[in-house]
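Hi,

Here's the model I said I'd pass along. Have a look at it first, and my notes on what turned up are underneath.

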Amino acid sequence: MTADLFGAQDDQPWAEHLSAGTVWHHGLAVKHEVQLMTAIADIERQAGFRHMVTPGGFRMSAAMTNCGQFGWVTDQGGYRYAESDPQTGKVWPDIPECFLTLASAAAAQSGYPGFQPDACLINRYEVGSRMSLHQDKNEQDFSAPIVSVSLGLPVQFQFGGLTRKERPARLTLEHGDVIVWGGPDRLRYHGVGALKSGEHRLLGACRINLTFRKAG
Ligand code: SIN
Ligand code: FE2
């Protein structure tokens with residue numbers, strides 16, 4: 001792992017290349033935190049967070065909602081993208097401009113110019129919530145990267161290989177960190193460990209993750 005910005009300061013964003021297709025942008029979203037949180041509150045008013053159920057019948061511990069043309073959903077019928085919110089029957093809220101600006105800038109700075117996400121999954125973790133190791137593979141097009149933004153309490157991110165067997169690297173994602181993975185890394189397994197208790201100055205005892213994808 002090498003730092004792009006030699007002598008980077010703690011409160012300045014800096015980027016770390018984790019592998020050929022993956023860049024960890026430390027703190028990149030911090031300067032947009034108020035705009036992002038305002039936009040999330042606005043989305044939540046239109047499409048509330050809910051605990052979805054896996055095809056196997058398990059309640060997911062992270063609460064989820066979506067914005068964009070396609071929203072990722074799961075129920076007993078399977079994992080898929082839906083153009084409307086099953087809870088309201090309405091289309092998902094649009095992806096806010098400040099989300100798009102951040103996601104496309106992060107992608108471009110990671111070697112993926114022209115990224116135009118049509119799906120943004122919003123995961124909200126309370127203390128103890130986690131997400132087990134999985135691949136993002138419900139999308140039509142694997143040529144676009146995944147852009148993942150972390151807000152609130154820190155969490156242990158598990159970044160594995162292309163097979164479930166490979167032992168994942170463990171990275172502590174902090175408020176404002178953005179990870180971009182694509183190209184040869186697009187189908188890497190990943191997950192997050194249980195959220196530890198704490199109090200974030202902006203989000204309280206919670207973590208929010210935005211995952212941008214090109215789904216359609
Ligand atoms: C996900 O893979 O959907 C979420 C990962 C995260 O919360 O960082
Ligand atoms: Fe994922």
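Before the contacts, one cut-off: a polar contact here is a pair of N or O atoms within 3.5 Å. Keep in mind that this is a predicted model.

By that cut-off, the side chain of H190 makes a polar contact with ligand 1, since an oxygen atom of the ligand is 3.0 Å from an N or O atom there. Two other side chains come up as well: for R207 the distance to an oxygen atom of ligand 1 is 2.9 Å, and for N209 it is 3.4 Å. The protein covers 98% of the 260 Å² of accessible area that ligand 1 has on its own. Among the residues around ligand 1 are also N123, Y125, M131 and H134.

Now the metal. Which residues coordinate the iron ion (ligand 2)? They are H134 and H190, each through NE2, and D136 through OD, at 2.1 to 2.2 Å. So H134 and H190 turn up both around ligand 1 and as donors to the iron ion.

Along the chain, the donors follow the spacing H-x1-D-x53-H. D136 and H190 tie together distant parts of the chain, 54 residues apart: D136 is in the loop between β8 (131-134) and β9 (146-152), while H190 is in strand β13 (residues 190-192).

Are those two buried or exposed? D136 has a relative accessible area of 4% and H190 one of 5%; buried means under 20%, so both count as buried.

As for geometry, the iron site is irregular, with angles of 90 to 175 degrees among its four donor atoms.

Cheers

Methods:
Residues numbered from 1 in each chain as written. Chains lettered and ligands numbered in written order. Predicted model: local features only at pLDDT ≥ 70, side-chain atom pairs only at ≥ 80, totals over all residues. Heavy atoms only, no water. Donors = N, O, S within 2.8 Å, 3.2 Å for Na, K, Ca; no water. Tetrahedral: all angles 85-135°; square planar, octahedral: opposite > 155°, others 65-115°. Helix = DSSP H or I, 4+ residues; strand = E, 2+ residues; numbered from the N terminus. Buried < 20%, exposed > 50% of the residue type's maximum accessible area, 1.4 Å probe, protein only. Near = heavy atom within 4 Å. Polar contact = N/O pair within 3.5 Å; in protein donor to acceptor, adjacent residues only side chain to side chain. Areas by Shrake-Rupley, 256 points an atom, 1.4 Å probe, with all protein chains shown as cover.
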